[in-house]
Amino acid sequence: RILASWESFAIWGAGRDGKQFYAALSAEARSKVVAFCDIDPKKIGTKYANHALTPLREVPIIHFSQVTQVCRAVALAVSSRRAAETGDRGNGE
């Protein structure tokens with residue numbers, strides 16, 4: 001419901017969790033994704049395209065410091081599974 005009210009947004013993290021989050025979005029919500037933001041210099045400046053999704057879109061991967069230049073909202077894709085794998089429960093539990 002929240003994403004429906006956003007004109008555009010970025011996804012924090014261009015790794016496994018961010019890509020899975022992107023793939024799980026509806027086509028309408030995916031059309032609002034203007035970028036992935038990340039800190040990995042190997043990813044920044046490249047584009048992500050999931051060829052299993054239609055319509056095919058290439059989404060730029062930018063440094064997190066640039067996100068305010070392309071949109072006003074960021075969706076964080078955080079995996080509880082990853083926390084269980086690493087034993088990290090964070091401060092919230």
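**View 1. Pro55 and the cis peptide bond in the E3–E4 loop.** Pro55 sits in the loop that runs between E3 and E4. In this predicted model, the peptide bond leading from Thr54 into Pro55 is cis, with omega near -10°. The two strands on either side of this loop, E3 and E4, pair with each other in the antiparallel sense, over 2 bridges. Have a look at Tyr48 too: Val59 in E4 is its bridge partner.

**View 2. The whole sheet, strand by strand.** Step back and you'll find an open sheet of 5 strands, ordered E3-E4-E2-E1-E5, with mixed pairing. E3 (47–48) and E5 (74–76) take the edge positions with a single partner strand each, so one side of each has no neighbour in the sheet. Reading along the protein chain from the N terminus instead, the elements go α-β-α-α-β-β-β-α-β-α, which adds up to 5 helices and 5 strands.

**View 3. Strand E2, tucked inside.** Why is E2 described as largely enclosed by the rest of the structure? Of the 6 residues in this strand (residues 33–38), 5 are buried, so the rest of the structure largely encloses it. E2 pairs with E4 (residues 59–63) through 3 bridges, and the two run parallel. Two cross-strand pairs are handy for finding your way along this seam: Phe36 stands opposite Ile61 of E4, and Asp38 stands opposite His63 of E4.

**View 4. Strand E1 between E2 and E5.** E1 (residues 9–12) is joined to E2 by 4 bridges, with the strands running parallel. Trp12 is the one to pick out here, since Trp12 stands opposite Cys37 in E2. Now turn to the pairing with E5: 3 bridges join E1 to E5, again in a parallel arrangement. Along that seam, Ala10 faces Val74 of E5.

**View 5. A nonpolar patch on the surface.** Which residues make the nonpolar surface patch of about 420 Å²? They are Trp12, Ile39, Phe64 and Leu76. Leu76 belongs to strand E5. Its relative accessible area is 58%, so Leu76 counts as exposed, the cut-off for that label being over 50%. For the wider surface picture, the protein chain exposes about 6,300 Å², and carbon and sulfur atoms supply 52% of that area.

**View 6. Helix H2 and its buried side.** Asp17, Gly18 and Tyr22 are the buried residues to look for in helix H2 (residues 16–24). Around the axis they cover an arc of only 135°, so they lie on the same side of H2. As a reminder, an α-helix has 3.6 residues a turn, so residues three or four places apart point the same way.

**View 7. The Arg16–Asp17 salt bridge.** How many salt bridges does a search of the whole structure find? The search turns up 1. Arg16 forms a salt bridge with Asp17, and the closest N and O atoms are 3.3 Å apart. The two partners differ in their exposure class: Arg16 has 33% relative accessibility and is partly exposed, whereas Asp17 comes in at 13% and is buried. Buried here means under 20% relative accessible area, so Asp17 falls in that class.

**View 8. Gly15 and its partners from elsewhere in the chain.** Gly15 is in the loop between E1 and H2. Is Gly15 buried or partly exposed? Gly15 has 22% relative accessibility, so it counts as partly exposed. Setting aside its neighbours within four places in sequence, Gly15 is in contact with Asp38 and Lys43. Ala77 is worth locating as well: Gly15 and Ala77 are 62 residues apart along the chain, yet their C-alpha atoms are separated by 9.8 Å.

**View 9. The chain as a whole.** Pull right back for the overall numbers. Of the 93 residues in the protein chain, 32% count as buried. Among contacts with a separation of 6 or more, 63% come from residues 24 or more positions apart.

How values were computed: Residues numbered from 1 in each chain as written. Predicted model: local features only at pLDDT ≥ 70, side-chain atom pairs only at ≥ 80, totals over all residues. Heavy atoms only, no water. Buried < 20%, exposed > 50% of the residue type's maximum accessible area, 1.4 Å probe, protein only. Pairing = 2+ DSSP bridges. Contact = heavy atoms within 4.5 Å. Areas by Shrake-Rupley, 256 points an atom, 1.4 Å probe, with all protein chains shown as cover. Arc of directions from axis to C-beta. Patch = residues over 30% accessible without salt bridge, like charges linked within 9 Å, V, L, I, M, F, W, Y side chains within 5 Å. Salt bridge = Lys/Arg side-chain N within 4 Å of Asp/Glu carboxyl O.
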